[in-house]
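Welcome, and please have your viewer ready. We will go from stop to stop, with something to select at each one.

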Amino acid sequence: MEFKDTQAIYVQIADYISEQVLLNKWQPEERIPSVRELAVSLEVNPNTVMRTCELLQQQEIIYNKRGIGYFISPDAVKKIKQFKKEAFIHNELPSLFRNMYLLDVDLDELKPHFEKFKKSNFN
Amino acid sequence: MINIQSLTFSYRKNRPLFESLNLRLEAGHIYGLLGKNGAGKSTLLKQMAGLLFPDGGSCEVMGYHSAKRQPAFLREIFLVPEEFYLPKISVRRYVNTYAPFYPNFDEQAFFSYLKEFDIPRDQQLTEMSYGQKKKVLISFALSTNTKVLIMDEPTNGLDIPSKSQFRKVIAAAVSEEKCIVISTHQVRDLDNLIDSIVIIDEHKIIFREDVQTVTDKLSFKTVSRIEEATGVLFADSNLRGHTIITKNAGSEHSKIDMELLFNAVLTNHKPIQEIFN
């Protein structure tokens with residue numbers, strides 16, 4: 001995994017785990033690799049991975065079975081989408097809206113572009 | 001785990017290296033010791049290991065005065081120095097000779113580290129390159145399972161694949177009971193492993209904070225126009241823009257830039273220290 005310089009490592013690892021879930025690589029009720037295993041494979045401090053697990057647990061994306069490890073929550077996909085949506089509205093929409101405003105682009109005008117994009121990328 | 005109080009030390013009269021230096025390090029962490037050339041990093045590490053003695057003050061490690069070099073202390077501490085000598089013997093004989101000093105030595109782990117680092121196990125130590133020797137020593141150090149592990153510039157001389165292997169083995173070695181201290185100039189080699197930063201300058205420890213506390217209080221970012229940023233504590237400008245440190249006003253989660261932090265603490269120490277007080 002290649003880390004970016006822009007965001008805290010523990011957040012990037014949380015994104016990485018969330019992505020594995022969205023890509024169906026890790027299924028609900030499946031045990032995720034241990035803190036130590038993740039730290040070794042990602043070449044980071046185990047305390048950083050611990051912080052990631054605390055964050056994901058707080059977001060109810062994973063849960064802890066005492067003495068066994070962390071598991072993917074049954075409704076992890078729903079939770080991840082909810083958090084990603086909030087982040088998208090919060091972080092990415094403002095700059096898009098700014099450009100739309102500056103360039104006089106109406107929301108309705110974008111709809112056909114969005115439909116076309118979905119067709120060519122996800123069909 | 002390591003408790004240094006009012007440490008005074010000089011190699012030569014009237015040229016003190018440390019003047020009432022204080023430092024406390026706990027188990028369960030990887031400390032990155034940073035400082036300019038000649039600031040005294042290696043000297044401080046040698047004080048911890050009992051290879052140099054304080055002129056004044058005290059250096060206690062695991063409750064022992066390190067200068068007394070008691071066996072119970074020596075079997076729980078290992079120092080990988082930057083410059084070292086290995087005798088003209090095989091790896092096997094080296095282990096047979098030195099491992100008995102460390103009651104928790106794990107021979108199986110040692111040979112698996114060697115394998116990880118791609119070191120032939122039946123070669124003479126003196127026939128190896130500097131980098132290979134260093135990897136033997138690092139493997140040995142990790143296998144001793146001492147409570148305190150000190151490494152002086154461990155990534156110096158390691159080739160590119162070894163640096164990644166080094167990070168993996170260190171990540172695996174961390175435990176609640178262990179205190180790992182690493183001095184380095186190559187912070188980018190280790191910045192995801194180090195969880196606490198210690199900066200030594202002008203005879204003293206001038207900065208010692210957890211990475212988490214640092215990023216809670218400071219923001220690290222790149223901006224194209226420095227005028228747009230407010231409350232800039234330190235800036236480094238290059239063609240790509242300005243990498244800056246500001247006070248973390250809200251709840252930003254930026255990635256620490258240790259080189260930038262180091263330069264900032266050295267040149268603009270007071271306002272930064274005030275944020276942490």
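How many residues does helix 1 of chain A have, and how far does it reach from its first C-alpha to its last? Select residues 9–22 of chain A: helix 1 has 14 residues and reaches 20 Å, close to the 20 Å expected at 1.5 Å a residue. That expected span is 1.5 Å times one less than the number of residues. Helices (H or I, at least four residues) and strands (E, at least two) are DSSP runs, numbered from the N terminus.

Before moving on, a word on what is loaded: this is a predicted model, in which local features need pLDDT of at least 70 and side-chain atom pairs count only at pLDDT 80 or more, while totals for chains, interfaces and linings use all residues. Residues are numbered from 1 along each chain as its sequence is written, and chains are lettered from A and ligands numbered from 1 in the order in which they are written.

**Stop 1: around helix 1 of chain A**

Show the side chains of helix 1 of chain A. Its buried residues include A:Ile9, A:Tyr10, A:Ile13, A:Ile17 and A:Val21. A residue is buried if 20 or more other C-beta atoms lie within 10 Å of its own, exposed if 12 or fewer, and partly exposed in between, with C-beta atoms placed from the backbone. Now add helix 2 (35–42), helix 3 (46–58), strand 2 (69–72) and helix 4 (76–102) of chain A, against which the buried residues of helix 1 pack. After helix 1 comes A:Asn24, with a positive phi near 65°.

**Stop 2: the two domains of chain A**

Colour 9–76 of chain A as domain 1 and 77–122 as domain 2; such bounds come from an automatic or database domain assignment. Taken over C-alpha atoms, the domain centres are separated by 28 Å. Contact (C-beta atoms, placed from the backbone, within 7 Å) links 9 residues of domain 1 of chain A with 5 residues of domain 2 of chain A. On the domain 1 side, helix 1 of chain A gives the most, with 3 residues.

**Stop 3: across to chain B**

Next, select the interface: 14 residues of chain B are in contact with 16 residues of chain A. Helix 6 (residues 160–173) of chain B gives the most to the chain B side, with 5 residues.

**Stop 4: the two domains of chain B**

Chain B is divided into domain 1 (2–202) and domain 2 (211–276), with centres 30 Å apart over C-alpha atoms. The unreviewed UniProt entry places the annotation "domain: ABC transporter" on residues 2–227 of chain B; annotations of this kind may be inferred rather than shown by experiment, and positions follow the numbering used here, with feature names shortened.

**Stop 5: a sheet in chain B**

Select strands 2, 1, 4 and 5 of chain B, which in that order form an open sheet with antiparallel pairing. Strands pair if DSSP finds at least two bridges between them. Why does one side of strand 2 (15–25) and of strand 5 (64–65) of chain B lack a neighbour in the sheet? Both stand at the edges, each with a single partner strand, so one side of each is left free of a neighbour there. Strand 1 (residues 2–12) and strand 4 (residues 56–61) of chain B pair over 5 bridges, and B:Ile2 stands opposite B:Val61 in strand 4 of chain B.

**Stop 6: B:Ala141**

Finally, centre on B:Ala141 in helix 5 (residues 130–143) of chain B. Is B:Ala141 buried or exposed? B:Ala141 is buried, because 21 other C-beta atoms lie within 10 Å. Leaving aside neighbours within four places in sequence, B:Ala141 is in contact with B:Phe78, B:Val80 and B:Leu149.

How values were computed. Two residues are in contact if their C-beta atoms, placed from the backbone, lie within 7 Å.
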